[in-house]
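Me: I'd like to learn how to read a model like this one, feature by feature. Can you take me through it?

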Amino acid sequence: MEGRIARAGTKQMDLASVKRAYARWAPIYDWSFGTVSYFGRKRAVHFANEHKGHVLEVGVGTGMSLSHYHPEVRVTGIDVSRDMLERARRRVADEGLSHVEALEEMDAQALRYPDETFDTVAAMHVVSVVPAPARVMAEMARVCKTGGQVLVLNHFARAKGPLHWIEKTMAPFAKAIGWHADFTIEPVLAEKRLELFDKVPAPPFGIFTLLRLRKVRR
Ligand SMILES: C[S@@+](CC[C@H](N)C(=O)[O-])C[C@H]1O[C@@H](n2cnc3c(N)ncnc32)[C@H](O)[C@@H]1O
């Protein structure tokens with residue numbers, strides 16, 4: 001099923017729904033979800049800074065992470081939502097973030113970069129939004145240099161407990177809210193060229209998880 005994900009009990013989300021959802025989110029994103037997720041994003045960027053080199057941030061959104069990068073790290077960001085990108089571009093101009101080399105409108109499922117381009121490829125709160133998460137992981141692996149790292153920060157569905165109940169309740173509203181609340185970790189870990197070497201809970205209260213994966217030759 002091209003450009004869509006099939007998940008039992010979940011309304012499917014295609015690229016047009018994603019764009020519509022994030023056109024609605026863009027004006028309120030920074031002070032709503034953006035604030036809640038602030039410290040987790042900062043932690044993920046810390047690992048990109050350690051690795052240095054050229055970073056690709058997939059689904060860069062309004063660019064809330066961009067000021068956390070070390071000035072010596074070169075950053076390219078892509079996003080499919082023009083409304084979110086517009087805010088990221090404004091932020092880069094307003095804050096004079098000269099380490100940001102490019103912000104491009106692009107689908108993470110079909111990246112327009114050659115193989116083995118980036119030292120770090122990061123996706124923060126993106127894999128549960130895209131129509132085909134496995135394809136995005138494959139693209140992230142392709143453009144990452146062998147030995148480079150892929151960072152995935154996201155909320156992953158719990159198997160039980162009160163959060164599991166909330167996730168199940170929210171799942172049918174994926175199209176309206178702009179992400180799949182019942183998204184599981186499996187599609188992220190299934191990419192053969194990426195080896196998981198670190199998995200840590202991220203703030204607030206460990207709701208999010210930060211995965212660090214290494215690109216290996218297969
Ligand atoms: C929840 S926001 C996260 C934004 C940012 N990474 C952050 O941490 O604040 C999800 C972002 O993913 C983008 N997105 C969704 N599907 C995409 C796709 N197929 N290609 C590129 N970006 C996509 C959305 O437009 C949105 O900006």
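Reply: Sure. Let's begin with the ligand: a polar contact is a pair of N or O atoms within 3.5 Å. Keep in mind that this is a predicted model. By that cut-off, Arg-41 qualifies, with a polar side-chain atom 2.9 Å from an oxygen atom of the ligand.

Me: Which residue has a side-chain N or O atom 2.7 Å from an oxygen atom of the ligand?

Reply: That's Tyr-29. Tyr-29 is also listed with Gly-59, Asp-79, Ala-108 and Met-124 as the nearest of the 22 residues around the ligand. For a backbone example, look at Val-80, where an N or O atom lies 3.3 Å from a ligand nitrogen.

Me: Back to Arg-41, then. Which residues of α3 are buried?

Reply: A general idea first: an α-helix has 3.6 residues a turn, so residues three or four places apart point the same way. In α3 the buried set is Gly-40, Arg-41, Ala-44, Val-45, Phe-47, Ala-48 and Asn-49. So the ligand-contacting Arg-41 is on that list, with buried meaning under 20% relative accessible area.

Me: How many residues does α3 have, and what span does it reach?

Reply: α3 runs over residues 38–51, 14 in number, and covers 21 Å from first C-alpha to last, close to the expected 20 Å. Just past its end, Lys-52 adopts a positive phi of about 60 degrees.

Me: Now the sheet. What is the order of its strands?

Reply: In general, strands of a sheet pair through backbone hydrogen bonds, either parallel or antiparallel. Here seven strands form an open sheet with mixed pairing, in the order β3-β2-β1-β4-β5-β7-β6. At the edges sit β3 and β6, each pairing on one side only. From one strand to the next, the twist averages 15 degrees.

Me: In which sense do β6 and β7 pair?

Reply: Antiparallel, over eight bridges. To find the register, locate Val-200, which stands opposite Leu-210 in β7.

Me: And which strands do the helices touch when they pack on the sheet?

Reply: α3 touches β1, β4, β5, β6 and β7, and its direction makes about 170 degrees with that of β5. α5 also packs on the sheet, touching β1, β4, β5, β6 and β7, at about 145 degrees to β5.

Me: Why is α5 described as largely enclosed?

Reply: Because eight of its eleven residues are buried. Among them are Pro-133, Val-136, Met-137 and Glu-139. Besides those strands, the buried residues of α5 pack against α8, while those of α3 pack against α2.

Methods: Residues are numbered from 1 along each chain as its sequence is written. This is a predicted model: local features need pLDDT of at least 70, side-chain atom pairs count only at pLDDT 80 or more; totals for chains, interfaces and linings use all residues. Side-chain values use heavy atoms; hydrogens and water are left out. Helices (H or I, at least four residues) and strands (E, at least two) are DSSP runs, numbered from the N terminus. The expected span of a helix is 1.5 Å times one less than its number of residues. Buried means under 20% relative accessible area, exposed over 50%, partly exposed in between (1.4 Å probe, protein chains only). Contact means heavy atoms within 4.5 Å. Two strands pair if DSSP finds at least two bridges between them. Axes are lines fitted to C-alpha atoms, for helices over the stretch in contact, and angles run from 0 to 180 degrees between N-to-C directions. A residue is near a molecule or strand if one of its heavy atoms lies within 4 Å of it. A polar contact is a pair of N or O atoms within 3.5 Å; within protein, one must be able to donate a hydrogen and the other to accept it, and residues adjacent in sequence count only if both atoms are side-chain atoms.
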